[in-house]
Amino acid sequence: PLERAADDGAGAVLIKRYARTVDDVFDASNVRSLDALERVCAHIYALCRRPRATTSARGKRAFAMDRLRAVRQDMIVQGLTSTSEYSLSSSCGDDGDDDASMRRQRAIVLVESMIRFALASAREAEVEATSSSTGDDDGDAKQTRYAVMSENALHDEQLGKTFGMVFGMYRDASREEDANRHHGEMFSYWMCLRLSDSRELARDLRTLDACVMSTPHVRFALDVHRAYVDGNFVQFFKLVESERCNYLHACALERHFSRVRIDALRSMNAANNTTPMTFDEIARLLRIDDPTDAKSLCERCSLTVAERGVSFKTSAFITPDLANIDVAYELRTKTCSVVESKLKNCTHGIPSSVIDGDARPKTDADADIIAARRAIDAARRALDASADAISSMTLS
């Protein structure tokens, strides 16, 4: 099925929607070629960057995520991913490119762009929902919050599947060609999203190649995870503010800001004396733009709040229930300059440099590190093979 979307009154745009398959038979004429899929993704990103007064960030995100899911479906059907059960690439046409390695590389780049877009668009929708909130008694605001949380659960499920898809593609590609230069970047995003799942991260890290583990992106994610687990909120926010952290890292880590701030207040309540601390100082330490939001956070934690500050060790600390949607949105700040500062000279939408992967840390040298380590490993294997050959000749 195709859906007609208005294109600023200058014609119409036809983009294939996602549709579940009900049997194991696919019509090759309905499957788009790799060239077509690349053009569709570029067009979707361009539509979402275009300012539209009548379309919310939530609407754009829902539209894009559904159409990108249809793109991934066509890729699976053509055998372009490691999770494919079907292969129609021969009947769908190969876009004039017979090199399977090059097609696989193009497919990897396509899936990587989807992950970057998903991270950035999720933050746009969250900021819009938080900004539109006017209070707990506002029924429309509550309905919006619940709708956004439901959508987030569905989108996060699809994002997890997309990560699994690209990691599987990396494993397949590594057996035949050099590891993809963005493998470390993608894995670092996955780590930043799953900071609280230490056991799952430890299992995934054991399967990671040493050359990917040593990339600046993964080293940054490991440092952030260490600060998060240790409860070192000072180091955590310093890492987020550093040049090592790009915009997408910040988008993924922002999900954990409320938890880090609550744990920081718990530590302050246990370690500080009863001397009042101003809300401006609390906001500075916890990277909260508005001191009023810092006051609301202290009240939610049942700390003793005065007119100009908070006193520690004078009341029992109560951890807010972030599983409660209303509480989670109340503690989410309407602005976050720590994250927004990562996007410079951007007036609307998600910049193409973010989706294409050009917004990388200045210290990043993933490609050089991977190439060097691959060359070293290849040289070691060649030396081992020569030594084995010499040993066998000597014994004979």
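How do the residues of the lining of the largest pocket divide into nonpolar, polar and charged? I started my notebook with that one, keeping in mind that this is a predicted model.

**Entry 1: the pocket**

I looked up the classes and got 15 nonpolar, six polar and eleven charged residues in the lining of the largest pocket. Its volume came out at about 920 Å³. There are 32 lining residues, and the ones closest to the centre of the pocket are E126, D156, E254, R255 and H256.

Next I wanted to know which helices supply the lining. At least two residues each come from α4 (100-131), α5 (139-174), α6 (183-193), α11 (247-253), α12 (257-271) and α15 (325-331). The largest share belongs to α5, which gives five residues.

**Entry 2: α4 against α6**

Two of those pocket helices, α4 and α6, are also listed as a pair, so to speak, in my notes on crossings. I noted that a helix pair is described by the angle between the axes and the distance between them. For α4 and α6, the axes come within 11 Å and cross at roughly 35°. I have the crossing down as left-handed.

Who touches whom? From α4 I found E112, I115, R116 and L119, and from α6 I found E185, M186, Y189 and L193. Sorted by class, this contact has five nonpolar residues, three charged ones and no polar ones.

**Entry 3: the cavities**

Then I went through the cavities. I counted six of 30 Å³ or more. The largest cavity has a volume of about 60 Å³. Its lining is made of A227, Y228, G231, N232, F233, F236, V260 and D263. The elements giving two or more residues to that lining are α9 (216-230), α10 (233-241) and α12. I had already met α12 in the lining of the largest pocket. By class, the cavity lining has five nonpolar residues, two polar and one charged.

**Entry 4: the sheet**

Last, I turned to the strands. I found an open sheet of three strands in the order β3-β5-β4, paired antiparallel. Why do β3 and β4 each have one side left without a neighbour in the sheet? Both β3 (277-278) and β4 (304-305) stand at the edges with a single partner strand each, so one side of each stays free of a neighbour in the sheet.

I also checked how β3 is joined to β5 (residues 309-311): two bridges do it, and the two strands run antiparallel. I wrote down one partner by name, since G309 in β5 is the bridge partner of T278. A general reminder for myself: strands of a sheet pair through backbone hydrogen bonds, either parallel or antiparallel.

Definitions and conventions. Residues are numbered from 1 along each chain as its sequence is written. This is a predicted model: local features need pLDDT of at least 70, side-chain atom pairs count only at pLDDT 80 or more; totals for chains, interfaces and linings use all residues. Side-chain values use heavy atoms; hydrogens and water are left out. Two strands pair if DSSP finds at least two bridges between them. Helices (H or I, at least four residues) and strands (E, at least two) are DSSP runs, numbered from the N terminus. On a 1 Å grid over the protein atoms alone, a cavity is a set of points where a 1.4 Å probe fits but cannot get out, and a pocket is an open set with protein on both sides within 12 Å along at least five of seven lines; lining residues have an atom within 4 Å of a point. Grid points are joined across faces, edges and corners, and a volume is the space filled by probe spheres set on the points. Ala, Val, Leu, Ile, Met, Phe, Trp, Tyr, Cys and Pro count as nonpolar, Asp, Glu, Lys and Arg as charged, and the others, Gly among them, as polar. Axes are lines fitted to C-alpha atoms, for helices over the stretch in contact, and angles run from 0 to 180 degrees between N-to-C directions. A crossing is left-handed if the near helix is turned anticlockwise from the far one by less than a right angle, and right-handed if clockwise. Contact means heavy atoms within 4.5 Å.
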